[in-house]
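Please go through the model below with this report at hand. The text moves from the whole chain to single side chains.

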Amino acid sequence: MSTDEPPRAVRRIKAGTIGAAVQGYYGSTEFKVLADSTKDVYRNVLNRFVD
């Protein structure tokens, strides 16, 4: 575990929710191959939607 990054909060995500779909997308190959700047933009939009 890197000491440079703060620990991430563990969030329980209920199956069948938008949050679960978003988390699945984050783990997908389609998301992983995006440029880092694009991932940041997508995460910002999707996380606000989930919240």
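What follows covers the fold, the ring pairs, the salt bridges and the surface.

## Model and fold

This is a predicted model. The mean pLDDT of the chain is 84. Of its residues, 78% reach 70 or more. Where pLDDT is low, the predicted coordinates should not be read in detail. Among the elements, helix 2 (residues 29-32) has the highest mean pLDDT, 95. Helix 1 (residues 18-26) has the lowest, 92.

The chain holds three helices and zero strands. Read from the N terminus, the order of elements is α-α-α. Helix 3 spans residues 36-50.

How much of the chain counts as buried? The share is 12% of the 51 residues. The chain exposes about 4600 Å². Carbon and sulfur atoms supply 54% of that area.

## The aromatic cluster

Which residues do the ring pairs link into a cluster? They are Tyr25, Tyr26 and Phe31. The count of aromatic pairs is two. Tyr25 and Phe31 form an edge-to-face pair. Their centres are 5.2 Å apart, with 65 degrees between the planes. The pair counts as edge-to-face because its angle is over 60 degrees. Tyr26 and Phe31 form a tilted pair, 5.0 Å centre to centre and 45 degrees between the planes. Phe31 takes part in the pair with Tyr25 and in the pair with Tyr26.

Are Tyr26 and Phe31 buried or exposed? Both are buried. Phe31 has a relative accessible area of 2%, so it falls under the 20% limit for buried residues. Tyr25 has 28% relative accessibility and therefore counts as partly exposed.

## Lys39 and Lys32

Lys39 is found in helix 3. Its relative accessibility is 14%, so it counts as buried. Which residues does Lys39 touch, leaving out those up to four places away in sequence? They are Phe31, Lys32 and Leu34. Phe31 is thus a ring partner of Tyr25 and a contact of Lys39. Lys39 and Tyr26 are 13 residues apart along the chain. Their C-alpha atoms are separated by 8.9 Å.

Lys32 lies in helix 2. Lys32 is exposed, with a relative accessible area of 51%. That value puts it in the exposed class because the limit is 50%. With neighbours within four places in sequence left aside, Lys32 is in contact with Tyr26, Gly27 and Lys39. Lys32 therefore joins an exposed side chain to contacts with Tyr26 and Lys39. Tyr26 is buried, and so is Lys39.

## Salt bridges

Side chains of opposite charge can pair when their charged atoms come close. How many salt bridges does the structure hold? There are two. The table lists them.

| Salt bridge | N to O distance | Separation in helix 3 |
|---|---|---|
| Asp36 and Lys39 | 3.9 Å | three residues, about one helical turn |
| Asp40 and Arg43 | 3.5 Å | three residues, about one helical turn |

Asp36 and Lys39 are three residues apart in helix 3, so about one helical turn separates them. Asp40 and Arg43 are likewise three residues apart in helix 3, which means about one helical turn between them. The N to O distance of 3.9 Å for Asp36 and Lys39 qualifies because the limit is 4 Å.

Exposure varies among these partners. Asp36 is exposed, with a relative accessible area of 56%. Its partner Lys39 is buried at 14%. Arg43 is partly exposed at 32%.

## The nonpolar patch

Which residues make the nonpolar surface patch? They are Val41, Tyr42 and Val45. The patch has an area of about 260 Å². Tyr42 lies in helix 3. With a relative accessible area of 36%, Tyr42 is partly exposed.

## Picture in brief

Rings of Tyr25, Tyr26 and Phe31 form the cluster. Lys39 touches Phe31 and Lys32 and meets Asp36 in a salt bridge. Asp40 and Arg43 form another salt bridge. Val41, Tyr42 and Val45 make the nonpolar patch.

How values were computed
Residues numbered from 1 in each chain as written. Predicted model: local features only at pLDDT ≥ 70, side-chain atom pairs only at ≥ 80, totals over all residues. Heavy atoms only, no water. Phe/Tyr/Trp six-rings, centres within 6.5 Å; stacked < 30°, edge-to-face > 60°. Buried < 20%, exposed > 50% of the residue type's maximum accessible area, 1.4 Å probe, protein only. Helix = DSSP H or I, 4+ residues; strand = E, 2+ residues; numbered from the N terminus. Contact = heavy atoms within 4.5 Å. pLDDT = per-residue confidence, 0-100. Patch = residues over 30% accessible without salt bridge, like charges linked within 9 Å, V, L, I, M, F, W, Y side chains within 5 Å. Areas by Shrake-Rupley, 256 points an atom, 1.4 Å probe, with all protein chains shown as cover. Salt bridge = Lys/Arg side-chain N within 4 Å of Asp/Glu carboxyl O.
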